[in-house]
Amino acid sequence: MQLLIVAVVFAAGLALAFAAFNFFGVKKMPEGTEKMSEIASAIRVGANAFIAYEYKILYLVVAIVAVIMAVVTTWHAAVALVIGSVMSGCAGFVGMKIATYANVRVSNTARETRNIGKTVKIAFKGGSVMGLCVGGFAMLGLFLVYVIFGLGLGQVHVTEASYTNFLGLSFIPFTMTLSGYALGCSIVAMFNRVGGGIYTKAADMGADLVGKTEAHIPEDDPRNPATIADNVGDNVGDVAGLGSDLLESFVGAISSGIILAYHMFLQSNALNFGMTQEMLEKCILFPLIFVSIGLVACCIGVASLLFKRKMSENPHRELNGATYVAAGLTIALGFVASFFLFKGEDTTILKNALGFKVGGLSPWIAATIGVISGVVIGMMAEYYTSADFNPTRKLSHASVEGTALTITQGLALGMKSCMAPCIILAAGIILSHMVSGMYGVSMAALGMLSFVAATVSVDTYGPISDNAGGIAEMSGLDPEVRRITDTLDSVGNTTAAIGKGFAIGSGALAALALMISYLYSFNEAGTDLVLNMMKPMILAGAIAGAALPFLFSGMLIEAVAKAARKMVDEVRRQFKMYPGILDGTEKPDYKTCISISSKGAIGEMKVPSLLAIVVPVGCGFLFGPEFVGGLIIGSTLAAIMIAIFCGNAGGAWDNGKKYIEAGGVEGQGKGTPTHDAAVVGDTVGDPLKDTVGPCLDIFIKIMSTVSLVAVPVFAKFNVVDLIARLING
């Protein structure tokens with residue numbers, strides 16, 4: 001156990017120290033001209049105002065949920081929930097702050113050096129703060145939960161449902177505490193992703209539809225009143241939201257493995273498979289040691305790019321290099337950890353009790369399968385969304401024939417792109433289960449996210465580069481600067497699509513592991529875990545669950561459309577009432593547009609954000625645990641498809657537009673009908689790739705976590721069972 005504490009503290013401390021080093025390293029760089037500083041300051045003020053207002057509502061919800069948890073579950077879980085929400089909130093806030101400092105420094109570096117390689121370094125340095133904070137704060141929170149509750153209160157050694165609350169419900173203390181921590185991270189992720197997603201896309205759509213297609217002014221033109229709001233949105237949605245999202249995925253993957261280990265221990269004891277307390281402790285240790293190794297590997301991967309002497313002119317290759325260094329080191333060092341941790345254990349017991357078919361190396365092999373699956377899914381996302389490949393280029397050429405065919409071709413691309421990642425996911429589930437049982441499926445999810453700090457660093461690089469391009473345009477810097485930032489931004493769109501592929505893949509695997517723990521929670525130890533889909537109650541739950549992601553997605557798109565409609569009206573009003581805006585003699589009113597996005601996001605985010613919490617709990621108290629089991633299965637399957645479709649279709653529309661702007665379609669360019677059609681396609685794709693897709697992986701994980709937390713309650717108290725007891729006398 002001392003080894004675990006040292007490993008976790010060292011990894012978290014190293015990551016947060018490196019993040020602080022990069023934060024202040026970026027902040028001390030010059031901002032550039034007075035105009036650049038003025039614009040950057042306006043973006044910073046808008047982002048700070050929104051996140052402060054959102055967090056007031058968020059932590060009110062956290063307080064309410066914590067009180068409910070303290071009453072119906074355990075007070076330990078309630079405290080852990082607050083710790084999780086603070087860690088996730090800190091990661092999102094720090095990431096947003098550095099993004100609002102880094103954006104103008106990236107523009108200025110491009111202005112001063114005219115060098116893509118040097119500019120990439122600054123954008124990635126800013127992004128690395130977010131990535132390292134995600135891993136660092138997640139591990140810091142886990143350390144606090146483990147030391148305070150696991151060791152301090154002795155929960156880690158308690159394997160029976162020994163804690164009984166005043167409602168008479170019994171729980172395994174540490175699994176419930178860990179579930180509370182994961183739920184706290186999930187609530188913050190949902191609010192940041194939904195609120196930020198609505199904000200950024202309302203501003204983006206308003207700016208594009210009026211500025212580009214009606215007024216025919218460039219993207220991020222200072223004459224467009226919605227440009228500052230658009231740039232603010234990149235920071236609150238694509239940075240703060242992204243960081244909280246993947247921190248929640250990271251914690252969920254770790255928690256699912258540890259919780260599953262406890263339930264498998266109880267199952268082993270009931271069936272006399274011989275799993276010992278020491279073996280349980282090792283199954284708890286492995287996920288924490290593996291992610292600690294991964295976090296240290298990410299620090300090395302990030303450093304390999306930041307301290308590289310000679311950068312190439314290919315940003316994508318450099319960013320991939322940092323990710324592959326982190327992934328490779330994680331696999332190599334993970335082998336060592338697995339070998340020594342499980343060395344000397346009885347292979348027969350490992351096989352019977354845990355499903356380890358290759359002895360002590362089984363969990364490492366499963367985690368490696370997850371790493372490889374994540375990389376392959378990322379490559380597939382790149383193939384479908386990058387202008388370097390045929391699908392997006394074909395989509396660009398469809399714009400020559402008008403808006404309708406642009407939309408049609410993009411829909412076809414998104415739908416076709418679902419098949420290959422799902423095959424990889426299915427293969428990953430089968431192979432990891434064959435090697436290491438259900439614990440292996442959880443480790444595969446962990447493998448996908450073990451180098452999350454590197455993937456988030458690369459992902460955050462995108463919105464920072466996008467903001468840098470906007471500042472360059474609004475500051476009137478020469479076209480060469482904008483060409484450099486556009487190159488970085490185009491790569492950022494592809495890295496974002498790759499990151500979303502990682503998130504939904506790991507989310508699906510983690511949800512499956514949590515589902516097994518869910519089944520263990522209301523079934524007697526030693527019984528077969530069967531969710532019979534032919535039972536009417538379970539099938540009904542699956543059908544209702546499959547519809548939920550569509551309802552959730554529709555609510556989000558409608559929320560974006562409502563806010564965007566107000567933004568479009570405001571931009572049109574300003575252009576009509578103040579004609580001097582377009583000829584540069586009058587300044588637009590940016591503050592009103594920021595206010596529209598803020599009010600729209602805060603007003604529209606509440607119902608969809610709470611849907612994932614209220615529905616499984618409400619259905620549980622009405623119909624019981626089997627219905628909720630079907631609900632989770634149906635929601636997970638539907639959400640995977642919709643999320644992949646949304647991410648890839650939206651990314652392809654965006655990069656298809658940029659391919660036209662870069663002269664990829666001969667004789668076409670900005671201001672042509674072909675470009676107008678591509679802009680409309682991009683606008684349709686915006687809420688799909690940046691609002692719906694990213695929120696769905698949180699949706700399924702928060703449903704699984706909430707259900708796992710609440711099932712001990714609604715398994716005993718639900719309307720269906722009450723009616724059955726009354727009927728049967």
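**Helix packing and nonpolar cores**

Let's begin with two helices: α16 (residues 536-577) packs against α18 (residues 625-661) at an angle of about 40°, and their axes lie 6 Å apart. That angle makes α16 oblique to α18, and the crossing of the two is right-handed. Keep in mind as you look around that this is a predicted model.

On the α16 side, the contact is made by Met537, Ile538, Ala540, Gly541, Ala542, Ala544, Gly545, Ala546, Leu548, Pro549, Phe550 and Ser553. Facing them from α18 are Glu626, Phe627, Gly630, Leu631, Gly634, Ser635, Ala638, Ala639 and Ile642. By character, the residues of this contact divide into 14 nonpolar, 6 polar and 1 charged.

Now turn to a second pair of helices, α3 (residues 75-113) and α14 (residues 452-474). Here the packing angle is about 55°, with the axes 8 Å apart. An angle between 35 and 65 degrees counts as oblique, so α3 and α14 are oblique to each other. Their crossing, too, is described as right-handed. From α3, the residues Ala99, Ala102, Asn103, Val104, Val106 and Ser107 meet Ile464, Asn467, Ala468, Ile471 and Ala472 of α14. This contact holds 8 nonpolar residues, 3 polar ones and no charged ones.

Next come the nonpolar cores. The largest of them has 238 residues, and the members that touch the most others are Met139, Tyr181, Ile187, Ile254, Leu354, Phe552 and Phe699. Helix α6 (residues 227-271) supplies the largest share of this core, with 21 residues. Apart from it lies another core, of 5 residues, including Ala387, Ile660, Val665 and Ala678.

Phe699 is a good place to pause. Leaving aside its neighbours within four places in sequence, Phe699 is in contact with Met190, Leu548, Pro549, Phe552, Leu611 and Ala612. Two of these may look familiar: Leu548 and Pro549 are also among the α16 residues that make the contact with α18.

Finally, have a look at Gln277, which is found in helix α7 (residues 277-306). Is Gln277 buried or exposed? Neither quite fits: because its relative accessible area is 29%, Gln277 is partly exposed. Along the chain, Gln277 and Val158 are 119 residues apart, yet their C-alpha atoms are separated by 9.8 Å. Setting aside neighbours within four places in sequence, Gln277 is in contact with Val156, His157, Thr159 and Phe265.

Key:
Residues are numbered from 1 along each chain as its sequence is written. This is a predicted model: local features need pLDDT of at least 70, side-chain atom pairs count only at pLDDT 80 or more; totals for chains, interfaces and linings use all residues. Side-chain values use heavy atoms; hydrogens and water are left out. Axes are lines fitted to C-alpha atoms, for helices over the stretch in contact, and angles run from 0 to 180 degrees between N-to-C directions. Helices (H or I, at least four residues) and strands (E, at least two) are DSSP runs, numbered from the N terminus. Angles under 35 degrees count as roughly parallel, over 145 as roughly antiparallel, 65 to 115 as roughly perpendicular and the rest as oblique. A crossing is left-handed if the near helix is turned anticlockwise from the far one by less than a right angle, and right-handed if clockwise. Contact means heavy atoms within 4.5 Å. Ala, Val, Leu, Ile, Met, Phe, Trp, Tyr, Cys and Pro count as nonpolar, Asp, Glu, Lys and Arg as charged, and the others, Gly among them, as polar. A nonpolar core is a set of buried Ala, Val, Leu, Ile, Met, Phe, Trp, Tyr and Cys residues joined through side-chain atoms within 4.5 Å. Buried means under 20% relative accessible area, exposed over 50%, partly exposed in between (1.4 Å probe, protein chains only).
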